[in-house]
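Morning, everyone. Please pull up the model, and we'll go through it together.

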Amino acid sequence: MDDLDSLAARFGEHRTHLRAVAYRMLGSLSETDDAVQEAWLRLSRAEVSGVNSLGGWLTTVVGRVCLDMLRSRNSRREQPLGVHVPDPIVSRVDGVDPEHEALLADSVGLALLVVLDTLAPAERLAFVLHDMFAVPFDEIAPIVGCSLTSARQLASRARRRVKQSAPMPDVDLARQREVVDAFFAASRNGDFAALVAVLDPDVVLRSDGGLARPSASTIIHGGPTVAEQALTFARLSPFLRPALVNATAGVVVAPRGRPVSVMGFIVRKGKIVAIDVLADPARLHQLDLAVCAD
């Protein structure tokens, strides 16, 4: 038992890092915890006395577990067909919860996770492990079951997709908030021109209502079209709770303190380039939305 307690203590030292790996791989907070728990079970049954780097060993184990989960998810189509917004991490506007800081390092916004969801499982693993956690390709190749050259190619393809499709937000949070506030003010006032002015011409709005609210699932492209949709947000104004959504400006919509949606915004060069809305009641229920407690 003493040995197991010691091993558990060592595992605990790496848990935060492992959750960060799994969140980038899966985009699901519940599956992230499942993957980390599975890594502990495998560790508790393994002989690791000769392992030089327990952190590296555990990282590759979590990678394997997540790869299996992604492949199973794809083969069984566990995700609802159509729009899927990954699980957001919601924090108060005065700062990200320390528990969430590692999960959100490297600007892991919803827009990036949406792009990662479009990658093949092996591409996602190669990109996440190598580009985000500096795992060498000679360790990635055996996980995927491919050659070193193929592992490099997987990461390269993923890197191009991310660079093309995942906009990086402005770093100034105060400026982000100004733009988001201007968006909702224009919506509240029914000012179509002001809405178009604050939106990037190529803005994308993604909304995920899940199986319970299929009518809320949609993807809308283009400033004028998104502005028309945003005019319907005026009725939400009394229920908006400012929040950080994956460390960027966002809101929780909570009539009578009951969350009905989380909205994350990507603001780039002073314009909104992406709006991601999670309106799935089942998944909202699983999130920590303490920001609504005020």
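Which residues line the largest cavity? Before I answer, one caution: this is a predicted model.

Now the list. From the first stretch we have Gly109, Leu110 and Ala111. Then come Val245, Asn246 and Thr248. Gly264, Phe265 and Ile266 follow, and Asp276 completes the lining.

How much space is in there? About 40 Å³ in this largest cavity. The structure holds one cavity of 30 Å³ or more.

What about the chemistry of the wall? Five lining residues are nonpolar, four are polar and one is charged.

Next, the elements behind that lining. Two of them give two or more residues each: α5, residues 110-117, and β6, residues 261-268. Which gives the most? That is β6, with three residues.

So let's stay with β6. Of its eight residues, seven are buried. The strand is mostly covered.

Now its partners. On one side of the pairing list is strand β5, residues 248-253. β5 and β6 pair antiparallel, over four bridges. To find that pairing on screen, go to valine 253: its bridge partner in β6 is serine 261.

The other partner is strand β7, residues 271-278. Here the pairing is antiparallel again, over seven bridges. Look at valine 262, which has leucine 278 in β7 as its bridge partner.

β6 and β7 also make a hairpin, with two residues between the strands. Check lysine 269 in that turn: its phi is positive, about 55 degrees.

A general reminder while you look at the strands. In a regular strand, side chains alternate between the two faces of the sheet.

Last topic: the cysteines. How many disulfides does the structure hold? Zero.

Why is cysteine 66 not bonded? Its closest cysteine sulfur is in cysteine 146, and that sulfur is 17 Å away, too far for a bond. The cut-off for a disulfide is 2.5 Å between the sulfur atoms. Take it from the other end and the answer holds: for cysteine 146, the closest cysteine sulfur is the one in cysteine 66, at 17 Å.

Are these two cysteines buried or exposed? Cysteine 66 has 0% relative accessibility, so it counts as buried. Cysteine 146 is partly exposed, at a relative accessible area of 26%.

To recap: one cavity of 30 Å³ or more, β6 as the element that gives the most to its lining, and zero disulfides. Over to you for discussion.

Conventions:
Residues are numbered from 1 along each chain as its sequence is written. This is a predicted model: local features need pLDDT of at least 70, side-chain atom pairs count only at pLDDT 80 or more; totals for chains, interfaces and linings use all residues. Side-chain values use heavy atoms; hydrogens and water are left out. On a 1 Å grid over the protein atoms alone, a cavity is a set of points where a 1.4 Å probe fits but cannot get out, and a pocket is an open set with protein on both sides within 12 Å along at least five of seven lines; lining residues have an atom within 4 Å of a point. Grid points are joined across faces, edges and corners, and a volume is the space filled by probe spheres set on the points. Ala, Val, Leu, Ile, Met, Phe, Trp, Tyr, Cys and Pro count as nonpolar, Asp, Glu, Lys and Arg as charged, and the others, Gly among them, as polar. Buried means under 20% relative accessible area, exposed over 50%, partly exposed in between (1.4 Å probe, protein chains only). Two strands pair if DSSP finds at least two bridges between them.
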